[in-house]
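Trainee: Hi, could you walk me through this one while I have it open?
Mentor: Happy to, so pull it up and ask away.

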Amino acid sequence: MPEAPKNTLKPTEYNLAEKNKEALQFIEDVTTHADDVQKRVLSEILSRNAHVEYLQKHGLNGHTDRETFKKTMPVITYEHIQPEISRIANGDKSPILSSQPISEFLTSSGTSGGERKLMPTIEEELDRRSLLYSLLMPVMNQFVPGLDKGKGMYFLFIKAEAKTPGGLVARPVLTSYYKSTHFKDRPYDPYTNYTSPNETILCPDSYQSMYSQLLCGLCLHKEVLRVGAVFASGFIRAIKFLEKHWSILCHDIRTGTLDPRITDPSVREAVMKILKPDPELADFIEGECGKESWQGIIPRLWPNTKYVDVIVTGTMSQYIPTLDYYSNALPLVCTMYASSECYFGLNLNPLYKPSEVAYTLIPTMAYFEFLPVQRNNGVTNSINVAKSLNEKEQQELVDLADVKLGREYELVVTTYAGLYRYRVGDVLRVAGFKNNAPQFNFVCRKNVCLSIDSDKTDEVELQNAVKNALAHLVPFDANLAEYTSYADLSTIPGHYVLYWELSLKGSTPIPPSVFEDCCLAIEESLNSVYRQGRVSDKSIGPLEIKIVENGTFDKLMDYAISLGASINQYKTPRCVKFAPIVELLNSRVVSSYFSPKCPKWVPGHKQWVQQ
Ligand code: AMP
């Protein structure tokens with residue numbers, strides 16, 4: 001198997017060109033021998049885990065070949081292994097899924113029963129994640145040279161973590177990575193030279209973390225060559241924060257003193273190493289931020305920025321116009337594709353337009369299979385999505401090297417950490433090949449109807465939430481005739497909007513407070529990722545209900561039929577995105593109400609908190 005490039009050189013003998021060459025050669029090797037590498041990855045995973053309970057239960061009997069694996073092992077979703085996951089979470093340390101100890105759970109933004117899914121991980125997975133990170137800049141350097149001569153201004157954050165009843169830590173994958181020695185004690189590398197000191201990234205208070213990262217980024221503005229965050233939504237949140245706080249930030253820069261609201265001693269110490277009184281810089285920033293238009297604020301404040309590094313594929317594509325506005329259309333670069341289950345791959349053509357971005361899966365990361373997906377009129381067949389696969393369908397999964405150009409597939413992974421034939425829930429389209437490894441456009445995440453940040457709300461969750469809210473209308477003899485929803489990004493942060501058409505039988509008018517209660521009831525019923533976004537990350541604004549005139553949904557149907565929908569098959573869409581439809585709905589709004597406060601949220605699963 002091709003060897004991963006190792007960072008064994010001491011800083012003094014650091015040879016960037018050599019290291020870049022090694023990384024690119026690694027990509028060449030694993031993509032050229034994609035099928036062999038995959039065969040070996042599977043055999044390695046299965047041989048080291050031959051005695052784990054899960055493989056034995058399914059009768060794999062120590063076989064490590066693809067054919068027996070595919071014949072014997074079922075293709076599963078999270079719900080299938082929830083009993084095993086619960087046992088591990090409750091403290092069962094026997095080899096249930098993996099022969100290596102589960103070091104922690106990574107909490108996914110995908111949910112099950114309203115709570116984040118728990119993905120098992122093992123210590124060595126950190127090396128695999130680090131490997132993928134180490135490939136990103138050598139690739140980028142081919143297209144934008146000289147990035148080693150300055151810094152990256154990245155807004156990176158940790159999130160709350162919890163402990164399972166059995167004592168394992170449960171936290172998001174990036175929190176785990178930033179807190180690991182792989183990140184904190186990374187050897188000197190001009191490519192991981194960030195404006196944010198580690199202490200500011202690792203500060204658990206999101207206000208202090210954001211403030212101090214922006215302050216350092218502003219102080220070092222001339223050195224910044226690239227800016228970014230993980231997802232587009234996070235980067236826009238930073239700009240919004242700047243819009244609100246630039247005058248205190250400038251005060252700090254002018255005087256060389258740090259605002260007393262920054263109380264974390266380690267953050268203060270780290271920032272004070274960078275912050276020096278600089279009235280000229282403060283004048284400059286005040287001058288730019290005080291102008292009426294914020295168009296192009298990124299290159300105005302950070303004039304040497306060459307690109308914005310944020311994920312804008314998938315649901316994040318909704319933020320492209322806002323990013324273009326603030327960046328004056330600097331290139332938007334999506335570098336990698338990863339998840340809590342496993343890191344998948346990277347973009348070998350980082351300057352491609354967002355709509356053309358394709359990710360090359362790195363064959364050493366996991367064993368990948370692909371379930372062919374049929375979509376009707378651009379809509380994923382949701383029946384196929386929900387049900388378990390029958391034997392014939394399980395046989396239809398194809399290997400990495402066998403996918404066909406232009407076809408769409410759902411990604412299925414077998415990981416070193418103990419997931420076997422696990423459906424990730426992402427739909428990918430084959431856009432081309434790098435040697436013998438396919439490159440995929442990210443098409444969509446299955447079943448997601450609303451998303452602002454990392455929240456992913458599906459139709460069933462929305463339906464249940466609406467049902468719970470309707471209890472508030474019962475005393476008024478009012479029914480919900482129809483509803484739909486929309487992710488409104490015209491506010492920052494964005495928020496969910498529900499359009500309600502009511503049928504009123506009672507004569508008592510419904511007071512605004514009742515609709516506000518409905519808003520809150522919906523929020524309380526949504527999953528914990530949504531509620532965390534509202535409460536802790538402040539990345540989602542208060543939910544809004546807009547009451548529309550009677551007959552609005554008939555108009556919506558007329559409009560859909562005029563566009564070619566069949567009358568017999570027409571169903572009200574539970575979520576809308578198409579601008580003319582949103583306009584039609586907005587033109588018929590009679591009143592609107594917002595959630596009056598944040599819903600409840602605590603870190604960790606609610607069952608753990610109650611114990
Ligand atoms: P999480 O479950 O929180 O670990 O999030 C992982 C999911 O985020 C993936 O399965 C994708 O649905 C989405 N995701 C990650 N990277 C990308 C990307 N580059 N483009 C689009 N979606 C992505």
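**Charged pairs, the ligand and a few single residues**

Mentor: Let's start with Asp-453, which is buried, with a relative accessible area of 9%. Keep in mind that this is a predicted model.

Trainee: Which residue does Asp-453 form a salt bridge with?
Mentor: Arg-237 is the partner, and the closest N and O atoms of the two are 3.6 Å apart. Arg-237 sits in helix α11 (residues 232-255), while Asp-453 is in the loop between β19 (448-450) and β20 (457-458), so the pair ties together parts that are 216 residues apart in sequence.

Trainee: Okay, and how many salt bridges does the count come to?
Mentor: The count comes to 37 salt bridges.

Trainee: What about Glu-410 and Arg-423, how do their side chains meet?
Mentor: They meet in a salt bridge, at 2.9 Å from N to O. Glu-410 belongs to strand β16 (residues 408-414) and Arg-423 to strand β17, with their positions 13 residues apart in the chain.

Trainee: Is Glu-410 buried or exposed?
Mentor: Glu-410 counts as buried because its relative accessible area is 2%. Arg-423 is buried as well, at 5%.

Trainee: Now Arg-66, which residue does its side chain meet in a salt bridge?
Mentor: That would be Asp-35, at 3.1 Å from N to O. Arg-66 lies in helix α4 (residues 66-72) and Asp-35 in helix α2 (residues 34-48), so this bridge ties together parts 31 residues apart in sequence.

Trainee: And are those two buried or exposed?
Mentor: Arg-66 has 15% relative accessibility, so it counts as buried. Asp-35 is partly exposed, with a relative accessible area of 30%.

Trainee: Which residues are linked with them in a network of salt bridges?
Mentor: The network links Asp-35 and Arg-66 with Lys-70, Glu-369, Asp-399 and Arg-421.

Trainee: Switching topic: how many residues surround the ligand?
Mentor: There are 14 of them, and the closest are Ser-109, Thr-313, Met-336, Ser-340 and Asp-426.

Trainee: What does the side chain of Ser-109 do there?
Mentor: An N or O atom in the Ser-109 side chain is 2.6 Å from an oxygen atom of the ligand. Ser-108 also has a polar side-chain atom 3.0 Å from a ligand oxygen.

Trainee: And which part of Met-336 lies 2.9 Å from the ligand?
Mentor: For Met-336 the atom is a backbone N or O, and on the ligand side the atom is a nitrogen.

Trainee: How much of the ligand's accessible area does the protein cover?
Mentor: On its own the ligand has 500 Å² of accessible area, and the protein covers 91% of that.

Trainee: Which elements give two or more residues to the shell around the ligand?
Mentor: They are β1 (104-112), β9 (336-338), β17 (422-434) and β18 (437-445). The largest share, 3 residues, comes from β9.

Trainee: Back to charges for a second. Which side chain of opposite charge is nearest to Arg-531?
Mentor: Glu-115 is, at 4.8 Å, and Arg-531 is buried yet has no salt bridge. The cut-off for a salt bridge is within 4 Å, so that distance does not qualify.

Trainee: Where is Arg-531, and what is it in contact with?
Mentor: Arg-531 is in helix α20 (residues 528-535). Leaving aside neighbours within four places in sequence, its contacts include Gly-114, Glu-523, Glu-524, Pro-599 and Trp-601.

Trainee: Let's try Gln-295. Where does that one sit?
Mentor: Gln-295 is in the loop between α13 (279-289) and α14 (297-301). It counts as partly exposed because its relative accessibility is 40%. Not counting residues up to four places away in sequence, Gln-295 touches Arg-300, Tyr-325 and Asn-328.

Trainee: What separates the C-alpha atoms of Gln-295 and Asp-324?
Mentor: The separation is 8.7 Å, and the two are 29 residues apart along the chain.

Trainee: Last one: is Asn-198 buried or exposed?
Mentor: Asn-198 is buried, because its relative accessibility is 18%. You'll find Asn-198 in helix α9 (residues 198-201). Beyond its neighbours within four places in sequence, Asn-198 is in contact with Phe-183, Lys-184 and Arg-186.

Terms used
Residues are numbered from 1 along each chain as its sequence is written. This is a predicted model: local features need pLDDT of at least 70, side-chain atom pairs count only at pLDDT 80 or more; totals for chains, interfaces and linings use all residues. Side-chain values use heavy atoms; hydrogens and water are left out. Helices (H or I, at least four residues) and strands (E, at least two) are DSSP runs, numbered from the N terminus. Buried means under 20% relative accessible area, exposed over 50%, partly exposed in between (1.4 Å probe, protein chains only). Lys and Arg count as positive and Asp and Glu as negative; His and the chain ends are not counted. Contact means heavy atoms within 4.5 Å. A residue is near a molecule or strand if one of its heavy atoms lies within 4 Å of it. A polar contact is a pair of N or O atoms within 3.5 Å; within protein, one must be able to donate a hydrogen and the other to accept it, and residues adjacent in sequence count only if both atoms are side-chain atoms. Accessible areas come from the Shrake-Rupley method with a 1.4 Å probe; for residues, only the protein chains shown count as cover.
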